[in-house]
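Trainee: I would like a close look at a single part of this protein, the open sheet and the helices that lie across it. Please take it slowly and explain the terms as they come up.

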Amino acid sequence: MSDQEQHRGRWRPRLDRPALVALLLGVAGVVYRLVLTLFTVPVSNSDEATFGLAALHIGQGRERPVFLYGQHYMGMVESYLAAPLVAVAGPSWPVLRLPMLALYALFLYLIHRLTRRICTPWFATFVVGLLVLGGERVVRDQLTVVGGRPEVKPAVLLMLLITVGLAAGTVHRRRLAVAAFGLLVGLSLWSDWLILPYLAVAGLALVWAVRRELLGWSGLLLVAGAVVGVAPMLVDNLRAGPGDDSLSVFREISTKAGPLPPWSDRVRGGLLEGVPLAHGLCPVDGCGRWQQWFGVLYPVLLVAGAVFAVFAYRRAAGASRGERAGRAAAAPRGARVGPVVQLALVVGAALTLLSYVRSPLAATSPLDNARYLSVLQLSLPAVLWPLWVVAVAGWRGTVGALGRLTGALSTAVLVALTATALAITALFAATGTEASRTEERQARELAAALRADGPHQVYGDYWTCNRLIFNTDETVVCGVLDGDLSPGQNRYLPYWRQVGRAERPGYVVEVDSPMDRRLRRLLADRADAAPVREVGGYRVYHPDTPVRPWR
């Protein structure tokens, strides 16, 4: 990654040209996302507010949640990361999202390091350049605090870097490195189960690299690290009642989606919508036909990546057999670890995609659920590596006419991928942020009005309540109702109880929403007499007597 130059008796690192270009690209990507963070783009919502409220409670010492309020399977790593900042600066969306920005920067650094180790420096720079780009779907997964993906991606990359270092013999404290690998596995399991395919292949790569060492103290430290990392989840599940453990809850959620659509519909939704969206090749409202080409090509690239990895491994294995008998054993294994990691990334992507298309949501709601494929960015180096190798060979003229033609096609694919991602990023930056900023402004206006003039105990829908509570630093407390004015999804029950005890609660509803119309019917002739005002696209009702039809 860098050379060393001597300056006045001291050795200082000097970045080579690929690393310098990657650094500049990475800084640009972080600055772009920092600007979005300061303007709360993408727009906040009540899911994110729930993590923010948990961070507030953690910082105040009121709560020590293991899982997201109202759930038993989504870990709270992001809330714990944000808690010190929220405790010092108070609740705000930029403060809440700053740790996500740091995790994105760490992700860029680690994927650059790993790609340099298993591929080439300039290809690593190209991968960083692609990951710097991002339309709304991509930056939403990277910046919003909704659990799991921003922290598990750097964790997997660090696991693979540990594996590479152990195989190459460049890690000196090997047992400590294995223990750290286990700790990262445990933390990732607690945080987000969607990363399981990548944890499995990373674990197999580690076993290949140090299988003999794992039979001794290293194996015990690996298990101990994993247990420590997943301990919060284990303790919570041991205390959970029947049916409230993580496996039971996750199984129930997985079976709620209804009958399975045909495989063809699920594969179409996963490949033609999910894969391009996850890689930033489509706007958030869906992919046009001209943007779906990468989804069609993706399975072909997975197969090509696997074939390249297998052939590279066989070449490295053949070279290692020709080494002199006295050479250190770490060198041949270090030469083979690159193809092993590439194959692990290909298999991780394939398993993730297969798991996704098994769900009916891949067919019934591909736009909303493409976020579950954002972890495919981990496999970008292995997926694009065959294209890069063929393109470079074609441009260098080391192949025949057919090879040059294939190289030209590969170059065209890489250029098209970059141009599409750049166009979607520019489109979002130029025209896609205004709606988010308008919605955030309206949410702030509502919060300011209620905080100043009340009411301070209100009912509202799910997507209003927790965001309102977070925006007012819990000055306003909100109980969630469904559209028919029945109790809704109240993630944090103390809020619901507090509003339930209020003698004169208010109601915050979107103008002309089903809840608005239902409430006016219940109030009947009192609707005009009850104090009503409109703020930021909402109606705030404050009737003299409470309206609680569910009682």
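Mentor: What follows describes the sheet, then the helices on it, and ends with the largest cavity.

The model is predicted, so local features need pLDDT of at least 70 and side-chain atom pairs count only at pLDDT 80 or more, while totals for chains, interfaces and linings use all residues. Residues are numbered from 1 along each chain as its sequence is written, and side-chain values use heavy atoms, with hydrogens and water left out.

The sheet is open and has five strands in the order 4-3-5-7-6, with mixed pairing. Strands here are DSSP runs of E with at least two residues, helices are runs of H or I with at least four, and both are numbered from the N terminus. Two strands pair if DSSP finds at least two bridges between them. At the edges stand strand 4 (477-480) and strand 6 (532-535); each has a single partner strand, so one side of each is left without a neighbour in the sheet. On average, neighbouring strands of this sheet are turned by 25° against each other, direction ignored.

Within the sheet, strand 5 (residues 506-510) and strand 7 (residues 538-541) run antiparallel and are joined by four bridges. Tyr507 has Tyr541 of strand 7 as its bridge partner.

Two helices lie across these strands. Helix 19 (residues 434-453) lies across strand 5, strand 6 and strand 7, and runs at about 140° to strand 6. Helix 20 (residues 462-471) lies across strand 3 (457-460), strand 4, strand 5 and strand 7, at about 160° to strand 4. Contact means heavy atoms within 4.5 Å. Axes are lines fitted to C-alpha atoms, for helices over the stretch in contact, and angles run from 0 to 180 degrees between N-to-C directions.

Now the cavities. The whole structure holds four cavities of 30 Å³ or more, and the largest has a volume of about 130 Å³. A cavity is a set of points on a 1 Å grid over the protein atoms alone where a 1.4 Å probe fits but cannot get out, and lining residues have an atom within 4 Å of a point. Grid points are joined across faces, edges and corners, and the volume is the space filled by probe spheres set on the points.

The lining of the largest cavity has 14 residues, with Leu130, Leu131, His279, Gly280 and Leu380 nearest its centre. Helix 5 (121-132) and helix 18 (401-432) are the elements that give two or more residues to this lining. Helix 18 supplies the largest share, three residues.

Methods: On a 1 Å grid over the protein atoms alone, a cavity is a set of points where a 1.4 Å probe fits but cannot get out, and a pocket is an open set with protein on both sides within 12 Å along at least five of seven lines; lining residues have an atom within 4 Å of a point.
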